[in-house]
Every structure is written in structure tokens, then in C-alpha cells.
Amino acid sequence: IENIQQSLEKEQATRARLVQTEKLASMGRLVASVAHELNNPLQAIQNSVYLARSDSSISKQAQGDLDLALEEISRMAGLIARLRDTYRPTLREEFRPIDLNELIGEVERLIAVHLRHRKVNYHYNPAPKLPAITCIRDQIKQVLINMCLNAVEALDEGGNLTVETLHLPSQSAVQITFTDDGPGIPAEYLDNIFDPLFTTKEGGTGLGLAITYDIVRRHNGRIELSTEDGLGTLFTITLPLTPTTPLSGEPPLNLMANKG
């Protein structure tokens, strides 16, 4: 009976992964199309605002407003560029060895202002002599940023975020954990937490965790969640040292060769 139960649970988990993969594939096609359509009009708007800002006859108040508009346009252009990069076909040549501990340190510097603003205590416990992983550096960096900011935004002032790395020699993999002592995630949200456009945050896009899930899976990795309402949240990301070597029970990665 126990073996039957384990087989059923394994089958359900496999089905859930397949459903999630199809959702993300559909989102990828949609996002790539929308990003392409938005790019041209956004550039036209940016050029028009820049020309208006160059007019010396406008008031200082108007100049300030246009400066703010240009900043927001640049931010949107950057978001569109990142979305296009995330969902374009992956090339084998883009995978290179990186020092994960070093990359996490870089991300910490990037989010330092956000941590101070939210009064979050950040703790980092790097594993000594962590082996390099072969990956697309910018995509894994995006994963790290998404996971940290997701935790920070869930915390009250004075909360704690702990990031740790661990070498898993038996799996030829590394593990990154993100632990916060925030309110946790209500049980009714757990089935949808990685779904595209699902969000419980006011003003949220619902893309952060979905994109993170997609990037991790495309690196033949695994992302797991452990949480209890009112008692904090633990996200665990496991990445193989080489992306063409799947973790146990994971399907192999299909990399496109560079034909150019």
C-alpha cells in the first residue's frame, strides 16, 4: 500500500510539473509577442518626451515632470528587454561557469537600498569552496533578485531574510535557500503561487515567481516551497553543476545549438 501511495504521489507531482511547464510555455509565447508589440510605441514615446524636455521655454516644474516620465519610460524599456531576453530561445553557448557565492554577493549590493528602506536584516551564509555551476549568468542573477525581493516585500519592518548556499556532491548540484520569518503563505494560495499573473500584492505583476520557476526548470533545476501561515517561508532552489545533467527524476534539458 505504501508503494502504491508513493507511486500515486510521484505521478501527481509529474502531472503538476507538466501542467506548470505548459502554462509557462504559453506565457512565454504571450510575453514575447506583447514585448515586441510594446517596444516600438514605447521608443516613440521616449523620443517625444526627450524632445519636449529639451525645450528651454518650459517651466522647471514641467522639466521635472518630464524627467520623471523619462525615468519611468526607461524602467519600462528595461523590463521589456528583460522579458524578451528571458523568453527567447536558449543557446548552448550562453551557458558558462560562474561563482554562485560571488553572484549572490553582487545581488546583495544591488538590493542593499531596498533592504535598508524596509528595515530588513539580511543574513548570508555561503558554503565554503562551493563548486562553479554552468548557467546563464544573467538569468540566475534575475532568479536571485526575484527571490530576495519577493521575501523582502513579504516581511514586516525588522524582519529577517537568510540566504544560504550548500554543495550537494551526491547530486552533483548546489542548493540555495531563502528563509524569511514573515507571515507565511496562506494554504489557499499554494497551488497557484508559481502561476503566471497570480499575485496577492497590491501593484504586483504576478510574473516574478513564474519567471523564476521557468528559469530554474530550463537550467534543469528544481524549486520547492515550504511555508506555514504565520510562521515564515522557505524557498529551496537546487541547480545541477552542469545544466545538461538533470537532477534525479527531472527531464533532460533541450538546448538549442547556435546555428549562426
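## Reading a sheet and its core

User: Let's start with one residue pair. Which residue in S7 is the bridge partner of Ala-173?

Analyst: In S7, Ala-173 has Pro-240 as its bridge partner. Keep in mind that this is a predicted model. That pair belongs to S5 (173–180) and S7 (233–240), two strands that run antiparallel and are joined by eight bridges.

User: How many bridges link S4 and S5, and in which sense do they pair?

Analyst: Eight bridges again, and the sense is antiparallel. To find your place, look for Val-163, whose bridge partner in S5 is Phe-178.

User: What is the strand order in the whole sheet?

Analyst: Read across, it goes S2-S4-S5-S7-S6, an open sheet of five strands with mixed pairing. S2 (121–125) and S6 are the edge strands, each pairing on one side only. From one strand to the next, the twist averages 15°.

User: Let's look at the S6 end. How do S6 and S7 connect?

Analyst: They make a hairpin, with five residues between the two strands. In the turn, Gly-230 has a positive phi of about 90°. S6 (222–227) pairs with S7 in the antiparallel sense over six bridges. You can trace the register with two pairs: Arg-222 is matched to Thr-238, and Leu-225 to Phe-235.

User: Why call S7 largely enclosed?

Analyst: As a general idea, side chains in a regular strand alternate between the two faces of the sheet. Here, seven of the eight residues of S7 are buried, so the strand is largely enclosed by the rest of the structure. For that count, buried means under 20% relative accessible area.

User: Which residues sit at the heart of the packing, touching the most other members of the largest nonpolar core?

Analyst: In general, nonpolar side chains in soluble globular proteins tend to be buried together. In this model the largest nonpolar core has 40 residues, and Leu-100, Leu-144, Leu-161 and Phe-178 touch the most other members. Elements giving two or more residues to this core include helix H3 (100–110), strand S4 (160–168) and helix H6 (208–218). H5 gives the most, with eight residues.

User: What does Leu-144 touch?

Analyst: Leaving out residues up to four places away in sequence, Leu-144 touches Leu-100, Leu-103, Ile-104, Val-107, Ile-176 and Phe-178. There's also a second, separate core of seven residues, with Ala-35, Leu-42, Val-49 and Ile-80 among them.

User: How should I read a helix like H5, and which of its residues are buried?

Analyst: An α-helix has 3.6 residues a turn, so residues three or four places apart point the same way. Among the buried residues of H5 are Ile-140, Val-143, Leu-144, Met-147, Cys-148 and Ala-151. Its length works out too: at 1.5 Å a residue the 18 residues should span 26 Å, and the end C-alpha atoms are 26 Å apart, which agrees.

User: And why is H6 described as largely enclosed?

Analyst: Ten of the eleven residues of H6 are buried, so the helix is largely enclosed by the rest of the structure. The buried set includes Leu-209, Ile-211, Tyr-213 and Ile-215, along with Asp-214, Arg-217 and Arg-218. Just after H6, check Asn-220, which takes a positive phi of about 60°.

Terms used:
Residues numbered from 1 in each chain as written. Predicted model: local features only at pLDDT ≥ 70, side-chain atom pairs only at ≥ 80, totals over all residues. Heavy atoms only, no water. Pairing = 2+ DSSP bridges. Helix = DSSP H or I, 4+ residues; strand = E, 2+ residues; numbered from the N terminus. Core = buried A, V, L, I, M, F, W, Y, C linked by side-chain atoms within 4.5 Å. Buried < 20%, exposed > 50% of the residue type's maximum accessible area, 1.4 Å probe, protein only. Contact = heavy atoms within 4.5 Å. Expected span 1.5 Å × (residues − 1). Axes fitted to C-alpha atoms, helices over the stretch in contact; angles between N-to-C directions.
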